[in-house]
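Here are a few notes to help you find your way around. Have the viewer open as you read.

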Amino acid sequence: MSRDDTSLAKNVLGVPGIVFLVLAAVAPLTGMIVIAAIGIAVGNGGGMVAAFLLATVVLLLFAVGYAQMSRVLTSAGGFYAFVVKGLGRTPGLVAGFVAMLGYNCFVAGAIGTSGFFTSTAIDDVFGVKLDWLLWSALSVALVLLLSRRGIAVSAKVLGVSLILEVAILLIMDFSVLFRHGFSFAAFSPSVVFQGAGGLALLFAANAFIGFEATALFGEEAKDPKRTIPRATYIAIGFIGVFAAFTTWAVVSAIGAEQAQDVAAAHLSSGDLVLSVAQEYLGGPLTKVMLLLLVVSLFAALLALHNSATRYLYALGRVGVLPRLLGKTSPGNGAPRYASIVQLAFGSLVALAFRLAGLDPVADLTASMTGFGTLGILTLQLFAAVAILVYFRRTRDRRVVKTLIAPGLGAVGLGLIVTLAILNFPTLAGSSNGVVPHLPWLLLVVALAGLALAGWLRRFRPSVYAALETDLEREPSNVVGQ
């Protein structure tokens, strides 16, 4: 069968494929080595285990309403489409701008992170030292190649990388369990409530960034009204349990009571988890972990690129952005022009930082990934509010599923976003230059969305109307090959 050149592929992703896409964006190995270690150091030490469990509960509560909404609406616009459905076209366009900028900044930061850590790992393991920008360029080229092969190919590649990075962490976890045992002191009130519990929750939530992308692949999913909710629950549950289990292993290995002091001593070098691996896995497997960190970062870059591309595609398809971005490849339905533009943006940002002589981690990653994280957390909050409003407007009688559970989830997300704004330099990992002021960019993006919505409503009413009518495009209308 034929397919028009604005349609994504049909029936190519099942639950495993979507879960792989989402978990690869989450990057479990990177999350443990970077995010969990920072959370232990600046948050509540050994209580970080409980923080991961609390973040899991908050997001599962949100997922209850999310699951109901995904049965009502399937769109490549993801959470932007949810906001249009629940709050209207103007707030939806604001959410679309936040999503677009947040994901694109995140990818720009990921390009720098991937290049820097690849350069470091290859130098440490093989003694070959090349500029980080060269490794970033290679990563971008591989991402472009894979993304143009279609989403099914990306899902398979990400599935392999995910299994490898999870496996090496589980080997370390069980080595700690069998040789040392896990410490239940991590759950004692004196440990859980020490330090900065709010920061611990913030970093725990940061480790889940990427799960919200399940909605973006609805038009490419098999039976999306079942696949998307299942993939979401599995992704959140897996991330939460796995992160808590691995963090428990780490704090048990270094001592739950002194975990914060030990982690703080390793903060500048960023090698807390690697030091535990060195002790419990030995040198050769620790080098394998370091190489798998490179794989994890590349997988995250590929997965985040696929997510960012679909926001550009969705906004291009309705005419808010140039319609060329809404075109797809005739063979596999991949958003071809959106993919090129997205990678070009990220690459130019990385190149600008390199030419300015700025640090790829302290400057590029901190600013771009920091703002990207804040943008995506804000998008999640927009979606949570939109879900509540939609089901109240439609007078849905399932009070637990459409009011109480998602309402509690929205309150939790509101707290997390507030913590992210108030503690942005800590979240970003840097207070250099303009980094502390980046949260103001959210206000600029919101005002830009409001201004464009007003302009479209007055001068291009057909495009403004399409923000809502495009949501009626169901997967059954997306024709296969």
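1. Leaving aside its neighbours within four places in sequence, which residues is F79 in contact with? Counting heavy atoms within 4.5 Å as contact, F79 meets F62, Y66, E212, A215, Y311, L379, Q380 and A383.

2. A word on the source: this is a predicted model, where local features need pLDDT of at least 70, side-chain atom pairs count only at pLDDT 80 or more, and totals for chains, interfaces and linings use all residues. Residues are numbered from 1 along each chain as its sequence is written, and side-chain values use heavy atoms, with hydrogens and water left out.

3. On confidence, pLDDT (the predictor's confidence in each residue, from 0 to 100) averages 90 over the chain, and 97% of the residues score at least 70. Residues 475-481 fall below 50, yet this stretch has 23 contacts in the model beyond near neighbours in sequence.

4. Next, look at helix α15, residues 360-393 (helices are DSSP runs of H or I, at least four residues, numbered from the N terminus). Its 34 residues should span 50 Å at 1.5 Å a residue (times one less than the number of residues), and the end C-alpha atoms, 47 Å apart, agree with that.

5. Helix α15 bends by about 35° at A366 (the angle between axes fitted to the seven residues ending there and the seven starting there). Of its 34 residues, 27 are buried, meaning under 20% relative accessible area with a 1.4 Å probe, protein chains only.

6. At the start of α15, a side-chain oxygen of D359 comes to within 2.8 Å of the backbone nitrogen of V361. Just after the helix, R395 has a positive phi of about 55°.

Terms used: Helices (H or I, at least four residues) and strands (E, at least two) are DSSP runs, numbered from the N terminus. Buried means under 20% relative accessible area, exposed over 50%, partly exposed in between (1.4 Å probe, protein chains only). A polar contact is a pair of N or O atoms within 3.5 Å; within protein, one must be able to donate a hydrogen and the other to accept it, and residues adjacent in sequence count only if both atoms are side-chain atoms.
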